[in-house]
There are 2 protein chains.
Amino acid sequence: MTGWREFDQNLVSHSAAHHLTTIQFLLDEFGYARVSDVARHLGITRGSVSVTLKGLRQRGLVIEDEHKHLGLSDEGVRIARGIHIKRILLQTLFRDVLGIEDEVAEQDACKVEHLVSDDTADAVGRLLHKIETGKAPQQMQKMMKELEKESSGTVSDFPSEKIQKFAELLEQRQTENEGDTK
Amino acid sequence: MTGWREFDQNLVSHSAAHHLTTIQFLLDEFGYARVSDVARHLGITRGSVSVTLKGLRQRGLVIEDEHKHLGLSDEGVRIARGIHIKRILLQTLFRDVLGIEDEVAEQDACKVEHLVSDDTADAVGRLLHKIETGKAPQQMQKMMKELEKESSGTVSDFPSEKIQKFAELLEQRQTENEGDTK
DNA sequence: TCAACCTGTTTGGGTAGCCAAACTTGCTAG
DNA sequence: CTAGCAAGTTTGGCTACCCAAACAGGTTGA
């Protein structure tokens with residue numbers, strides 16, 4: 001059971017991910033981004049941002065012009081865009097397919113956006129696209145509506161009896177399959 | 001845009017989550033769990049485990065009998081079980097609904113299991129249960145099969161042109177909706 | 001002109017985790 | 001009986017983040 005520590009050995013950390021996407025956001029929104037702007041937007045001190053960005057500059061992801069205005073390198077843009085798209089896709093999945101309240105969906109997406117693999121994010125995108133283009137219309141729509149109705153408000157106790165039993169079933173089935181392929 | 005730091009302000013950290021679920025696993029599997037066993041299973045040193053478990057003992061999640069055999073308190077069991085179930089549900093979602101290769105699905109689930117909200121996990125469980133019990137049969141099945149075919153192997157470049165355009169559409173739509181409710 | 005202000009950087013302090021290495025304990029094989 | 005080994009703990013070091021506070025530079029209003 002090694003491999004669980006791949007957690008923090010990602011392309012970028014949670015912190016770095018937010019620094020990058022924030023710079024991109026500020027550029028799109030206001031046309032410029034400075035250390036203070038990033039700090040304000042992230043709710044941390046200028047000092048912290050200064051130190052973090054020094055690292056990201058050394059890694060060649062963030063650049064700075066003569067007026068201390070920040071920018072992203074091609075690689076930086078690529079990473080920031082990837083993370084941002086993952087966030088959108090996950091949030092949409094949680095909210096529109098699973099029926100989660102928007103705020104919770106956004107928070108969950110924000111927490112995991114930089115952790116999910118490209119493969120998974122891509123599959124989420126394709127699923128959403130299929131649903132969008134009506135390739136899974138009536139029954140899917142109906143199912144989603146039902147899900148939405150059920151998930152009214154907040155779950156009081158996780159896992160519920162039913163879900164727990166179901167998860168145990170899934171686990172058992174998985175164990176059996178592992179036995180097959182071995 | 002504060003709130004992005006809820007990341008590490010969860011009930012338990014990624015590390016703690018794995019310590020707890022490992023103890024539970026060892027108890028189920030072998031009937032006992034010691035510091036060394038946990039260390040071996042997690043692939044880290046006894047020293048690290050010792051220190052971490054001291055904290056978890058102080059928080060009342062882990063207990064220890066006179067023979068240095070580890071156990072979980074009621075609260076510890078509750079947390080470990082919750083995380084474990086989230087992992088199963090997410091892994092199943094990624095693998096069986098999104099068509100992700102099992103190993104990747106497991107890794108992704110492992111990375112985010114302790115981060116997703118109870119609400120989201122619960123909704124995933126209900127969705128899977130609906131699919132399971134045939135409440136979204138033909139078209140869903142067909143869609144899943146198609147997804148599986150498409151996602152042959154690993155995504156070379158994320159995001160693809162198509163997914164990126166789609167994500168932009170989703171984002172734009174979302175922005176408009178925010179305008180409505182404001 | 002120059003004090004006040006805003007911006008950015010540096011530094012010392014704190015937490016969380018990891019490792020390596022030294023130490024303590026207790027059991028067990030000669 | 002004791003030497004040796006395995007298990008657990010402690011300690012010093014490292015990285016990654018955060019903050020607060022001190023400091024350095026540029027702009028600007030009076």
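How many residues of chain A are in contact with chain B, and how many of chain B with chain A? I started my notebook with that one. I'm working on a predicted model here, so every value below is computed from it.

**Entry 1: the protein-protein interface**

I looked up the contacts and got 79 residues on chain A's side and 78 on chain B's. Next I wanted an area to go with the count. The size of an interface is often given as the accessible area lost when the parts come together. For chains A and B that comes to about 7,800 Å², and carbon and sulfur atoms carry 66% of it. I then asked which three residues of chain A put the most area into this. They are Trp4(A), Arg126(A) and Phe158(A). Together they make up 11% of what chain A buries against chain B, and no other three residues supply as much.

**Entry 2: chain A by itself**

I went through the secondary structure next. I found 8 helices and 2 strands in chain A. Going along the sequence, I noted the order α-α-α-β-β-α-α-α-α-α, with the two strands following the third helix. The chain has 182 residues, and 48% of them count as buried. For the surface I wrote down about 9,400 Å² exposed by chain A, with 48% of that from carbon and sulfur atoms. I also checked contact order: taking contacts in chain A with a separation of 6 or more, 55% are between residues 24 or more positions apart.

**Entry 3: DNA strand C**

Which residues come nearest to DNA strand C? I counted 19 residues around the strand, and the nearest are Ser36(A), Arg46(A), Ser50(A), Ser13(B) and Ser48(B). Both protein chains are on that list.

I pulled a few polar contacts. Arg46(A) has a side-chain N or O atom 2.9 Å from a base nitrogen of strand C. Ser13(B) goes for the backbone of the DNA: a side-chain N or O atom sits 2.5 Å from a phosphate oxygen of strand C. Val35(A) uses a polar backbone atom instead, 3.5 Å from a phosphate oxygen of strand C.

Sugar or phosphate, or bases? Of the strand C atoms within 4 Å of the protein, I get 72% in sugar or phosphate, and bases take the rest.

By element, α2 (35-42) and α3 (46-58) of chain A plus α3 (46-58) of chain B each give at least two residues to the surface near strand C. The largest share is from α3(A), with 6 residues. Sorted by class, I have 9 polar, 6 charged and 4 nonpolar residues there.

**Entry 4: DNA strand D**

I repeated the lookup for DNA strand D. There are 19 residues around this strand, and the nearest are Ser13(A), Ser48(A), Ser36(B), Arg46(B) and Ser50(B). Of the strand D atoms within 4 Å of the protein, 74% are accounted for by sugar and phosphate.

What does the side chain of Arg46(B) reach on strand D? I found a base nitrogen, 2.9 Å from one of its N or O atoms. Two serines of chain A point me to phosphate oxygens of strand D: Ser48(A) at 2.8 Å and Ser15(A) at 3.3 Å, each through a side-chain N or O atom.

The elements giving two or more residues to the surface near strand D are α3 of chain A, along with α2 (35-42) and α3 of chain B. Here α3(B) gives the most, 6 residues. My class tally for strand D reads 9 polar, 6 charged and 4 nonpolar.

Technical notes
Residues numbered from 1 in each chain as written. Chains lettered and ligands numbered in written order. Predicted model: local features only at pLDDT ≥ 70, side-chain atom pairs only at ≥ 80, totals over all residues. Heavy atoms only, no water. Helix = DSSP H or I, 4+ residues; strand = E, 2+ residues; numbered from the N terminus. Buried < 20%, exposed > 50% of the residue type's maximum accessible area, 1.4 Å probe, protein only. Contact = heavy atoms within 4.5 Å. Areas by Shrake-Rupley, 256 points an atom, 1.4 Å probe, with all protein chains shown as cover. Near = heavy atom within 4 Å. Polar contact = N/O pair within 3.5 Å; in protein donor to acceptor, adjacent residues only side chain to side chain. Nonpolar A, V, L, I, M, F, W, Y, C, P; charged D, E, K, R; others polar. Buried area = accessible area lost by both parts, 1.4 Å probe.
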